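Welcome to this short tour! Open your viewer, show the whole chain as a cartoon, and let's look around together.

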Amino acid sequence: MTILGYDGCTPLRNNYWSQVQGTIGGTASVQQFKDTGKPLGGAKSLSLINSWSDCTVAHTFAIPSLHVYVPVASPNTDQFNKNGCSVSPCTSGPYSQVKFSFRTPKNGGTFRWQCFVPCGGGFVDGNAAPCRRSVT
């Protein structure tokens, strides 16, 4: 799974959710970008993305039935404050890239995923549209 995070930071309501859970290896790879294809350093393999100490989480990706939970990193704060996206959906400007893998049951299925951080505040298409979906 690869998730691009264009949204600014939102401290999680419970720092327990800062822990990467249910992924292969118990980690997620996080890399910051100044703009499309312009990295701000290399990728880091993390088991914790602490939203309280550094304000580094924008959203979350969870599939409760598979016990998968990954905090989605926000873009670099300095870059976001200078050049953050002002339209929705964002497709340019600073972003984070979060990559991880997880196992699904052999017989497949449809699994509900959701974000545990309010999504899209201030945008007409926010707070549900991208934040609750099923993945098959």
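**The whole protein**

Start with everything selected: of the 136 residues in the protein, 36% are buried, where buried means under 20% relative accessible area, exposed means over 50% and partly exposed lies in between (1.4 Å probe, protein chains only). You are looking at a predicted model, in which local features need pLDDT of at least 70 and side-chain atom pairs count only at pLDDT 80 or more, while totals for chains, interfaces and linings use all residues. Residues are numbered from 1 along each chain as its sequence is written, and side-chain values use heavy atoms, leaving out hydrogens and water.

Now colour by secondary structure to find 2 helices and 9 strands. Helices (H or I, at least four residues) and strands (E, at least two) are DSSP runs, numbered from the N terminus. Following the sequence, you will meet them in the pattern β-β-β-β-α-β-β-α-β-β-β.

**Stop one: strand E7**

Select residues 95-99, which form strand E7. How many of its 5 residues are buried? The count is 4, and the strand is mostly covered.

Next, add strand E1 (residues 2-5), which pairs with E7 in the antiparallel sense over 4 bridges; two strands pair if DSSP finds at least two bridges between them. Click on Leu4 to find its bridge partner in E7, Gln97. Then add E2, another antiparallel partner of E7, this time over 5 bridges. Here Gln32 has Ser96 as its bridge partner in E7.

**Stop two: the largest nonpolar core**

A nonpolar core is a set of buried Ala, Val, Leu, Ile, Met, Phe, Trp, Tyr and Cys residues joined through side-chain atoms within 4.5 Å. The largest one here has 22 residues, and Ala28, Phe61, Ile63, Val68, Val70, Val98 and Phe100 touch the most other members, so show their side chains first of all. Two or more core residues come from each of strands E2 (28-35), E5 (57-63), E6 (68-73) and E8 (111-114). E6 gives the largest share, 5 residues.

Zoom in on Phe61: leaving aside neighbours within four places in sequence, its contacts (heavy atoms within 4.5 Å) include Met1, Ile3, Val72 and Trp113.

**Last stop: Gln79**

Select residues 77-83 to see helix H2, and pick out Gln79 within it. Is Gln79 buried or exposed? Gln79 counts as buried because its relative accessibility is 13%. Not counting residues up to four places away in sequence, Gln79 touches Lys34, Leu40, Gly84 and Pro94.
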